[in-house]
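Trainee: I should like to go through this protein with you, beginning with its sheets and ending with its cysteines. May we start?

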Amino acid sequence: MTVGIVGAGQLGRMLALAGYPLGLDFLCLDPARDAPAGQVAPLLTAAFTDRAQLRKLARRCEVVTFDWENVSAESLHVVTRAHGARICPPVAALCAAQDRVAEKRLFEQLAIPTTRWQAVSTRAQLARAIARIGLPGVLKTRRLGYDGKGQAVLRSMEDAARAWEQLGSAALIYEELVPFDCEVSIIGARSVGGETAVYPLCGNVHAGGILRVTRAPYGPPQWQRRAAGYLRRVLEHFHYTGILAIEFFVLGGRLIANEMAPRVHNSGHWTIEGAATSQFENHLRAILGLPLGSTRPLGHSGMVNLIGSIPDRAGLLKLGGVHLHDYGKKPRPGRKVGHCTLVEPSAARRDARTLRILKDLAADVGFP
Ligand code: AMP
């Protein structure tokens with residue numbers, strides 16, 4: 001059985017690596033010849049909009065998934081129209097996640113608390129949004145933003161004027177800046193047959209808009225219950241298939257949804273070593289209609305993203321129990337090139353060892 005992956009980044013690569021033990025084959029499509037998943041699975045090198053190659057993907061695969069949420073929905077429709085290949089997760093969920101305004105409306109429709117927001121497409125609308133929502137706030141492009149790109153924090157009207165010059169040519173959204181206590185994410189799967197499984201809550205630290213560290217399990221049981229409830233609402237709404245992630249700000253014990261990702265998620269990488277079944281395997285099980293695997297944590301996991309370049313391997317691996325994942329990417333400032341994970345018997349030991357790794361990496365991030 002062959003699974004098609006539109007996008008051949010590190011997420012596609014880890015999907016393929018999780019699928020081989022299950023006897024699955026993979027075929028990826030990506031414009032980059034040296035894409036991470038293309039190093040471990042056959043690759044169709046083509047633009048995401050190349051109809052001929054998308055049709056070939058549909059012909060050769062039983063099910064098609066994606067590892068990047070900016071792939072055009074229209075391209076995926078080409079896949080479904082050709083040879084009836086199934087797309088998982090549903091394109092409707094992808095469309096909601098691609099547009100921050102559609103995403104906010106979805107959260108509101110499903111009574112999932114989210115930030116106060118307003119769509120902005122003119123300078124006058126920005127002024128009105130600031131008057132209504134106040135400062136500080138965050139101005140973001142509605143589409144194509146990732147890892148903190150396409151957004152600016154506004155603390156003054158001067159910031160607003162500057163941000164408008166940078167971002168004003170695209171459709172925007174203005175939202176309140178949440179003075180959060182911490183950030184968390186919830187990840188879960190729904191299978192073709194409607195079975196669901198939810199992982200323990202993840203505690204995330206971002207810097208410059210990029211995820212740096214995840215710890216899981218994280219937070220009190222009521223956060224877990226609430227986040228899992230919100231996640232299930234979205235899963236059921238879309239008759240979803242595959243892994244879905246929702247990121248939240250936590251403020252005074254309240255969970256405020258920031259965004260969702262209709263795919264395996266960076267904050268779930270710890271599940272490879274830290275859970276009975278990884279998010280990658282469960283995504284494949286879910287889209288193939290196989291029974292979902294247990295999401296039980298095997299200990300207290302810490303995951304540190306490696307940004308820019310892979311550090312000295314020996315230095316990292318001499319730390320007992322550290323697992324290194326190198327995505328095979330060329331080094332570049334601000335680029336996620338790998339991650340490492342450790343699984344410990346206690347949260348205190350996990351935290352101490354995670355901080356030690358961050359110190360060794362000279363990464364300027366800590367956590368409470
Ligand atoms: P996003 O691309 O929306 O996930 O934003 C990346 C990161 O920027 C988030 O994980 C937060 O750390 C920060 N951020 C984005 N929007 C807000 C907001 N409205 N309030 C506070 N922090 C934010």
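Mentor: Two strands pair if DSSP finds at least two bridges between them. Helices (H or I, at least four residues) and strands (E, at least two) are DSSP runs, numbered from the N terminus. The model is predicted; local features need pLDDT of at least 70, side-chain atom pairs count only at pLDDT 80 or more, and totals for chains, interfaces and linings use all residues. Residues are numbered from 1 along each chain as its sequence is written, and side-chain values use heavy atoms, with hydrogens and water left out.

Trainee: In what order do the four strands of the open sheet lie?

Mentor: The pairing in this sheet is antiparallel. The order of the strands is β6-β9-β7-β8.

Trainee: Which are the edge strands?

Mentor: An edge strand here pairs on one side only. That holds for β6 (117–120) and β8 (151–154).

Trainee: Which residue of β9 stands opposite Gly137?

Mentor: Strand β7 (residues 137–141) and strand β9 (residues 172–176) pair in the antiparallel sense over five bridges. Opposite Gly137, in β9, stands Glu176.

Trainee: What angle does the direction of helix α6 make with that of β6?

Mentor: Axes are lines fitted to C-alpha atoms, for helices over the stretch in contact, and angles run from 0 to 180 degrees between N-to-C directions. Contact means heavy atoms within 4.5 Å. Helix α5 (residues 100–109) lies across β6, β7, β8 and β9 and runs at about 150° to β6. Helix α6 (residues 123–133) packs on the sheet, touching β6, β7, β8 and β9, and its angle with β6 is about 170°.

Trainee: Which residues of α4 are buried?

Mentor: Buried means under 20% relative accessible area, exposed over 50%, and partly exposed in between (1.4 Å probe, protein chains only). Helix α4 (residues 91–98) is mostly covered, with six of its eight residues buried. Their cover includes β4 (63–66), α3 (73–81), β5 (86–87), α5 and β15 (254–261). The buried residues are Val91, Ala93, Leu94, Ala96, Ala97 and Gln98.

Trainee: Which residue of β13 stands opposite Gly203?

Mentor: Strand β10 (residues 182–190) and strand β12 (residues 202–207) pair in the antiparallel sense over three bridges, and Gly203 in β12 is the bridge partner of Val184. β12 also pairs in the antiparallel sense with strand β13 (residues 210–216), over five bridges. The residue opposite Gly203 in β13 is Arg215.

Trainee: Which residue takes a positive phi in the hairpin of β12 and β13?

Mentor: This hairpin has two residues between the strands. The positive phi, near 60°, belongs to Gly208.

Trainee: How many disulfides does the count come to?

Mentor: A disulfide is a pair of cysteine sulfur atoms within 2.5 Å. For Cys95, the nearest cysteine sulfur is that of Cys88, 15 Å away; for Cys202, the nearest is that of Cys182, 12 Å away. By this rule the count is zero.

Trainee: Is Cys202 buried or exposed?

Mentor: Cys95 is partly exposed, with a relative accessible area of 32%. Cys202 has 0% relative accessibility, so Cys202 counts as buried.

Trainee: What radius of gyration does the protein have?

Mentor: The radius of gyration is taken over C-alpha atoms, and the globule rule is 2.2 Å times the number of residues to the power 0.38. With 368 residues, a compact globule would have a value near 21 Å. The protein agrees with this, having 20 Å.
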